[in-house]
Amino acid sequence: MAIMRLGRVEVRCPNWEKSIDYYKRVIGLIETAREEDRVYLKAWDEHDHHSVILKKADSAGLEHLAFKCEFKSDLDLYEEKLNNIGIYTERVSAGVRIAEGEAVRFTLPTGQIVELYNEIEVVGNGLPLFNPDPWPDGLLGMHPTRLDHLLIAGEDVDGATKIFTDIFDFHVSEQLVAGEKNNQTIAKWLFKTNTAHDIAIIKGPQNKLHHFAFWLDEWVELRNAADIMAKNDVMIDAGPTRHGITRGTTIYFFDPSGNRNEVFCGGYITYPDSATITWTEDTIGKAIFYFERELNERFTTVVS
């Protein structure tokens, strides 16, 4: 299987203390370690040491994203494949960040830094492996079960997509196109697992993050998340609503540093032989926000 899943995101947080409190108390992530300029967090049902790293910085945005590979030897395989098509790679030594093993790092044509790794400390999900209850005690906030996906922006969507499909064996679940012949790419949604998307790429400013998303199991949990946002004066960007693309239900909102988050549930299951669904530019409102059938300006212009 090689790449198993989206493993982590590291995001820059200028509003440092408020962002730490927000991700722990409002989102409900669990802190697993801390350094002077980094805080390591996980969703409760993740077994690995962390999936979100908050980095103290002067501006918001994505520091890097990373995919977990099945075997350590996959790093050698992918490094060779990337080098063969002219993409420069470098090795990140084990221990550069807490609990992480060695990684291979490269840059997408859209500007984002990507890492591939296999080794990370396993801490468990707070439940026993024999006869467990459905969830552990003491969960806070929205308490999502996992980091789910992210949407990145850049100029060369097709170039980035080609790396994911040709090198990493991702598949395109959906695409948004423009032009008289519908041959101009606006965005692609790609999957490696069996979700509707593990990563999406949209045409826009280079090396930008649109959002990263957490998974909630049910619609009622999404509604409860909206109440938690309102109670804590979190700035909601859109929702609760449904996507046409992916069919998932969603809320978009901002952390105290200006990074856009999403809570997401539902959507369809994908397989390697799933056909690609195409949406045309004239249906973009319905594609993104199925109920409202229109986009707000902030959603299309604000990235970090």
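Which residues are buried in helix 2? In this predicted model, the buried positions of helix 2 are Asp74, Leu75, Tyr78, Glu79 and Leu82. These residues cover an arc of only 130 degrees around the axis, which puts them on the same side of helix 2. The pattern fits a familiar rule: an α-helix has 3.6 residues a turn, so residues three or four places apart point the same way. On the face turned away from the buried side, helix 2 carries the exposed residues Glu80 and Asn84.

The buried residues of helix 2 have several packing partners. They pack against strand 1 (3-13), strand 5 (61-69), strand 6 (90-92), strand 7 (103-107) and strand 8 (113-117), and also against helix 3. Helix 2 itself covers residues 73-84, and its 12 residues reach 17 Å from the first C-alpha to the last, close to the 16 Å expected at 1.5 Å a residue. After helix 2 comes Gly86, with a positive phi near 85 degrees.

Helix 1 invites a similar look. Its 12 residues should span 16 Å at 1.5 Å a residue, and the end C-alpha atoms of helix 1 lie 15 Å apart, which agrees. Buried here are Trp16, Ser19, Ile20, Tyr22, Tyr23, Val26 and Ile27. Helix 1 is followed by Gly28, where phi is again positive, near 100 degrees.

We turn next to the nonpolar interior. The largest nonpolar core holds 60 residues, and the members that touch the most others are Leu54, Leu65, Phe67, Leu150 and Phe168. Helix 1 (residues 16-27) gives the most to this core, contributing 6 residues. Apart from the largest core lies another, of 15 residues, including Ala178, Ala187, Ala238 and Ile288. As a general matter, nonpolar side chains in soluble globular proteins tend to be buried together. For Leu65, the contacts beyond four places in sequence are Leu6, Arg8, Val9, Gln112, Ile113, Val114, Glu115, Leu150, Ile152 and Ile199.

Two threonines of helix 3 make a handy pair to examine. Thr161 sits in helix 3 (residues 157-167), and Thr165 is found in helix 3 as well. Thr161 counts as buried because its relative accessibility is 7%, under the 20% cut-off. Thr165, at 22% relative accessibility, counts as partly exposed. Beyond four places in sequence, Thr161 is in contact with Val172, Lys188, Leu190 and Ile201, while Thr165 is in contact with Phe170, Val172 and Leu190. As for polar partners, the side chain of Thr161 reaches the backbone oxygen of Val157 at 2.8 Å, whereas the side chain of Thr165 makes a polar contact with that of Asp166 at 3.3 Å. Along the chain, Thr165 and Ala153 are 12 residues apart, and their C-alpha atoms are separated by 17 Å.

Finally, a charged residue deserves a visit. Asp148 belongs to strand 9 (residues 146-154) and counts as buried because its relative accessibility is 5%. The side chain of Asp148 makes a polar contact with the side chain of Arg146, at 3.0 Å. Setting aside neighbours within four places in sequence, Asp148 is in contact with Leu6, His197, Asp198, Ala213, Phe214, Trp215 and Phe264. Of these partners of Asp148, Leu6 also appears among the residues that Leu65 touches.

Terms used. Residues are numbered from 1 along each chain as its sequence is written. This is a predicted model: local features need pLDDT of at least 70, side-chain atom pairs count only at pLDDT 80 or more; totals for chains, interfaces and linings use all residues. Side-chain values use heavy atoms; hydrogens and water are left out. A nonpolar core is a set of buried Ala, Val, Leu, Ile, Met, Phe, Trp, Tyr and Cys residues joined through side-chain atoms within 4.5 Å. Buried means under 20% relative accessible area, exposed over 50%, partly exposed in between (1.4 Å probe, protein chains only). Helices (H or I, at least four residues) and strands (E, at least two) are DSSP runs, numbered from the N terminus. Contact means heavy atoms within 4.5 Å. The expected span of a helix is 1.5 Å times one less than its number of residues. A polar contact is a pair of N or O atoms within 3.5 Å; within protein, one must be able to donate a hydrogen and the other to accept it, and residues adjacent in sequence count only if both atoms are side-chain atoms. The arc is that of the directions from the helix axis to the C-beta atoms.
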